[in-house]
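Here are my notes on this model, as numbered points. Please read them with the coordinates open.

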Amino acid sequence: MTEGIVSQVDTDHHFVHRSTIPTMHFQDSLPRLPIPKLEHTLKRYLAAQEPLLDDKQYRNTKRIAKEFEKGAGKRLHRELVELDEKNTHTSYISDPWFNMYLSAREPVVLNFNPFISLTPDPREAYNNQLVRATNLIISSIKFLNSLQNNYLRPDIYYGNPKWSESRLFKNFIRLLPTSVSWYGAYMVNAYPLDMSQYKRLFRSSRIPKLNKDELFTSECSRHLLVMRNGHFYVFDVLDSVDNILHPSEIVAHLIYIIQEADHLPEFALSYLTTEDRNIWATVRQQLLEAGNEENLKKIDSAIFCLCLDNIFPKDEDELSQCLLHGNGFNRWFDKSFSLIITGDGHAGINFEHSWGDGVAVLRFVNEVYRNSTRHPALLPHSRSSETTVITCERLKFKLNDSIQSAIQVAHEKFDERKKKMSMKRFQFRKFGKDYIVKQRMSPDAIFQLACQITFYRQFGKVVPSYEACSTAAFKHGRTETIRPTSMLTKQCSQAIVEERRKRSVAELRNMIDECSKYHRRLQMEAALGNGFDRHLFALKHLAVSRGEPTPDFFLDTAYQKINHNIISTSTLQSPAVNLGGFGPVVSDGFGIGYHVSDNWLGCNATSYLDEELQEFLRCLEYSLNDIFDILEGRPLM
């Protein structure tokens, strides 16, 4: 084939698209995240506490909440509202949330960084490691160019999808001043979303500092960071006017890196990013003092990190482990995101969580997957350019005895933590989203209910549960918590597990339906900023930041218990996503990254309790079968 053949169907080699509406057109006029009334927050809080407490505990927690509402809570709420009114450029939760993430001292890997696995390219030949890496690099840079040139389509939720294709609507909205543009979209039931997080998607890193880390973003770097067998390489993928390097040149650089990095380093520096943050901050300072400042700058400012793994996962469990933590030496976990390509062409993203949430990363994944599969820049069997001048630089570090020792310790600690955590893939294929929607129920609610029934079946009790919900409908919104454990799910779990032969199918179906309706209500409240978790978190943060004594409300055992989330869940739905996951947030809990597809339900589940995890997934299948039988009108046996 001709050297460096490029797809002929791509009419724009530098952008994923050119939007009629500028990317940040709505940012100035986005509505602000509301601060709920304190009485409403406490009412929702008590409703979430009720299934977790016995009568005596609940009465005590209710008393403490009432005292808080009349005393310290009333004052803190008033001060939070006053502070919010002085900072109209942001949301009340933004700074406390950044502070929470950046002040955490646990290692980011296994504790915070999630992963997303991309769906394989539908054409098998394009799943070659070099071909897929090159195509994903180029599509990623197109996304970056679109973003920084204001060509990327704004994130908009369309109540009526027809408006997404309306040229008249787009031209009308484009002409509106940015101060009122959101209201123009709202008039046709379209809801623009916050895009402030996108500025840290590229050229960004989390920098370890004592007690509280910092986020760094470069304004104009043009180089890519590539890791292979624990070695670091950088080369420019953009020229001086932001033209993307030709695909034949990019693949030539990747071939050079794979051929040169044919062995592991004696001391793999990247293990340090798996360390406790204060330890890593101390060692980073030693690295700077040893003369490694320029190399660290090149890592931190790189557009993103590409990890070319010499790993061939034998199944999806191994692939998930590879993307969540890998072998440790071929990752820089502090980068805003790393694009990981396995030896057999599987692709995924591991991203640092403090700078942003799943919405921005999922949009990036969707665009890059679509562009790389529809308009691949490099075709299979294309040859790399023999005339390419390799400008790739291998980063060599000066490591003294103290740094070498720190790397070895970090390596050992990482391997030990990795061994303790189990991850299992689960799929249930009797029904999926389409079937549940036909039953006039919420697919998300059904999976969450199944988790509740499962835990009750396995352990004979209900526990605090967490589901993340985006509040991107508001300026600088982050997330709110949906609390899947309710009195309704508790009663339904008890009925299905303990009273299955005493209850009629109609009764059980009605209970499932009521759980679905209540979950939808919780989803809507959370998405509109009317949950209780972030409000209470902000009140506590305000008291602590001012050096005040912690109010009794936050010292209540029940408050501490409800924030020890045994079942932590999150979901990202997209045809571009094959699977996703994250580590458990507590040592005795489960991390459930789930996917509700058209015809099946599934999840990646993690835990430090291997036997309990296996039993949980066995019981989850049992619970979904029970729900299916009930919805089909069959009595439970």
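The points below cover the sheets, the helices packed on them, one helix pair, one loop residue and the salt bridges.

1. Status. This is a predicted model. Please keep that in mind for each point.

2. The eight-stranded sheet. How many strands does the open sheet ending in β16 have, and in what order? There are eight, in the order β11-β7-β6-β8-β9-β10-β1-β16. The pairing is mixed. The edges are β11 (393-395) and β16 (577-581), each of which pairs on one side only. On average, neighbouring strands are turned by 25 degrees against each other, direction ignored.

3. A pairing inside that sheet. Strand β9 (residues 337-341) and strand β10 (residues 347-351) run antiparallel. Five bridges join them. To check the register, take Ser-338: its bridge partner in β10 is Asn-350.

4. Helices on the eight-stranded sheet. Helix α10 (residues 293-301) packs on this sheet. Helix α10 touches β6 (223-228), β7 (231-236) and β11. The direction of α10 makes about 110 degrees with that of β11. Helix α11 (residues 316-324) also packs on the sheet, with β1 (115-118), β9, β10 and β16 as the strands touched. Against β1, the direction of α11 makes about 130 degrees.

5. The six-stranded sheet. Another open sheet has six strands, ordered β12-β18-β17-β15-β13-β14. Its pairing is mixed. Here the edge strands are β12 (422-428) and β14 (479-482), and each pairs on one side only. The twist averages 25 degrees from one strand to the next.

6. A parallel pair in the six-stranded sheet. Strand β13 (residues 465-470) pairs with strand β15 (residues 567-571) in the parallel sense. The pairing covers three bridges. One register check: Ser-465 has Ile-567 as its bridge partner in β15.

7. Helix α11 again. This helix lies across β12 and β18 (601-607) as well. Relative to β12, α11 runs at about 130 degrees. So look at α11 from both sides: the strands it touches in the eight-stranded sheet include β9 and β10, and β12 and β18 belong to the six-stranded one.

8. A crossing helix pair. How do helix α3 (residues 72-86) and helix α18 (residues 533-545) cross? Their axes come within 10 Å and cross at roughly 90 degrees. The two helices are therefore roughly perpendicular to each other. On the α3 side, the contact is made by Leu-76, His-77, Glu-79, Leu-80 and Leu-83. On the α18 side, His-535, Ala-538, Leu-539, Leu-542 and Ala-543 take part. Seven of the contact residues are nonpolar, two are polar and one is charged.

9. A loop residue. Val-188 sits in the loop between α7 (181-186) and β3 (190-192). Val-188 and Gly-159 are 29 residues apart in sequence, yet their C-alpha atoms are 8.1 Å apart in space. Setting aside neighbours within four places in sequence, Val-188 is in contact with Trp-163 and Phe-169.

10. Salt bridges within helices. The count of salt bridges comes to 38. One of them joins Arg-370 to Glu-367, with the closest N and O atoms 3.1 Å apart. The two residues are three apart in helix α12 (residues 358-374), which means about one helical turn between them. Is each partner buried or partly exposed? Arg-370 is partly exposed, at 34% relative accessibility. Glu-367 is buried, with a relative accessible area of 7%. Lys-418 and Asp-415 also meet in a salt bridge, at 3.8 Å from N to O. They too are about one helical turn apart, because three residues separate them in helix α13 (residues 401-420). Lys-418 counts as partly exposed, at 23% relative accessibility.

11. A long-range salt bridge. The side chains of Asp-626 and Arg-500 meet at 2.9 Å, N to O. Asp-626 lies in helix α21 (residues 610-631), and Arg-500 lies in the loop between α16 (487-498) and α17 (505-527), so this pair ties together parts 126 residues apart in sequence. Both residues are buried.

12. A salt-bridge network. Which residues are joined into one network by salt bridges that share partners? They are Arg-105, Arg-206, Asp-213, Arg-277, Asp-334 and Glu-352.

Note on methods
Residues numbered from 1 in each chain as written. Predicted model: local features only at pLDDT ≥ 70, side-chain atom pairs only at ≥ 80, totals over all residues. Heavy atoms only, no water. Pairing = 2+ DSSP bridges. Helix = DSSP H or I, 4+ residues; strand = E, 2+ residues; numbered from the N terminus. Axes fitted to C-alpha atoms, helices over the stretch in contact; angles between N-to-C directions. Contact = heavy atoms within 4.5 Å. Parallel < 35°, antiparallel > 145°, perpendicular 65-115°, else oblique. Nonpolar A, V, L, I, M, F, W, Y, C, P; charged D, E, K, R; others polar. Salt bridge = Lys/Arg side-chain N within 4 Å of Asp/Glu carboxyl O. Buried < 20%, exposed > 50% of the residue type's maximum accessible area, 1.4 Å probe, protein only.
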